[in-house]
Every structure is written in C-alpha cells, then in structure tokens.
Amino acid sequence: MPPEELSTAAVRRLIEMAGADRVGDDAVEELGKILEDYAVKVGKEATGLARHAGRKTVKAQDIQLAVKRVPQPQGS
C-alpha cells in the first residue's frame with residue numbers, strides 16, 4: 001500500500017537527493033510508510049507537549065523536543 005499523505009513523487013525525490021540513480025517503486029513505498037509513521041508519532045508527541053504547556057498550537061519547539069523523545073524508526 002503506497003503512502004497516504006506523502007506523494008510518491010516527493011518520496012522518490014528524497015531518495016534521489018540521497019544519491020540514488022534509479023529508485024524502485026517498492027523502495028518508494030517502504031520509505032513513504034516509514035516516514036509517515038514516524039511523522040505521525042512525532043506529531044502526536046508534539047501535540048501532547050503543546051497541550052501540556054496550555055496551548056492548542058503546536059510550535060517548532062514542540063516538534064524539536066518530540067523528535068528527541070520519539071525513537072527513530074528502525075524499518076521493517
């Protein structure tokens with residue numbers, strides 16, 4: 001199943017920016033799933049941090065702290 005929110009073209013470009021000459025569709029799908037899963041986890045953590053601070057707005061500082069608190073994805 002392809003990523004739901006990230007476009008496959010954007011994920012493909014990210015892999016190409018990393019130096020790949022050719023990118024398989026399966027690689028795009030896998031990285032997209034991993035990135036989306038991690039982004040949602042970071043977003044949830046950042047939302048909790050903002051609420052704890054008495055805010056409804058998630059700020060960059062919430063994201064920065066959430067990235068430190070959420071374990072990095074290991075892949076499948």
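In which helix does Gln64 lie? Select Gln64 in this predicted model and the viewer will show that the residue belongs to helix H3. Gln64 has a relative accessible area of 53%, and because values over 50% count as exposed, Gln64 is classed as exposed. Now add Lys44 to the selection. Although Gln64 and Lys44 stand 20 residues apart along the chain, 13 Å separates their C-alpha atoms.

**First stop: helices H1 and H2**

Select helix H1, residues 8-17, together with helix H2, residues 25-52. The axes of H1 and H2 lie 9 Å apart, and the two helices pack at an angle of about 100 degrees. This angle falls between 65 and 115 degrees, so H1 counts as roughly perpendicular to H2. To view the contact itself, display Thr8, Val11, Arg12, Leu14 and Ile15 on the H1 side. On the H2 side, display Asp25, Ala27, Val28, Leu31, Gly32 and Leu35. Of the residues in this contact, seven are nonpolar, two are polar and two are charged.

**Second stop: the largest nonpolar core**

Next, select Tyr38, Val42, Ala46, Leu49, Ala66 and Val70, the six residues that form the largest nonpolar core. Helix H2 supplies the largest share of this core, namely four residues. Which residues does Leu49 touch, not counting residues up to four places away in sequence? With those set aside, Leu49 touches Asp62, Leu65, Ala66 and Arg69.

**Third stop: Glu45**

Remain in helix H2 and select Glu45. Is Glu45 buried, partly exposed or exposed? Its relative accessible area is 26%, and because partly exposed covers the range between 20% and 50%, Glu45 is partly exposed. Apart from neighbours within four places in sequence, Glu45 is in contact with Ala66, Arg69 and Val70. Two of the names on that list, Ala66 and Val70, were also displayed as members of the core. For a view along the chain, add Val28: the C-alpha atoms of Glu45 and Val28 are 26 Å apart in space, and the residues are 17 apart in sequence.

**Last stop: the loop between H2 and H3**

Finally, move to the loop between H2 and helix H3 (60-69), and select Arg55 there. Display Thr57 as well: its backbone oxygen lies 2.8 Å from a polar atom of the Arg55 side chain. Arg55 also touches Ala50, Gln61 and Asp62, when residues up to four places away in sequence are not counted. Asp62 has appeared before on this tour, among the residues touched by Leu49.

Note on methods:
Residues numbered from 1 in each chain as written. Predicted model: local features only at pLDDT ≥ 70, side-chain atom pairs only at ≥ 80, totals over all residues. Heavy atoms only, no water. Core = buried A, V, L, I, M, F, W, Y, C linked by side-chain atoms within 4.5 Å. Buried < 20%, exposed > 50% of the residue type's maximum accessible area, 1.4 Å probe, protein only. Contact = heavy atoms within 4.5 Å. Polar contact = N/O pair within 3.5 Å; in protein donor to acceptor, adjacent residues only side chain to side chain. Axes fitted to C-alpha atoms, helices over the stretch in contact; angles between N-to-C directions. Parallel < 35°, antiparallel > 145°, perpendicular 65-115°, else oblique. Nonpolar A, V, L, I, M, F, W, Y, C, P; charged D, E, K, R; others polar.
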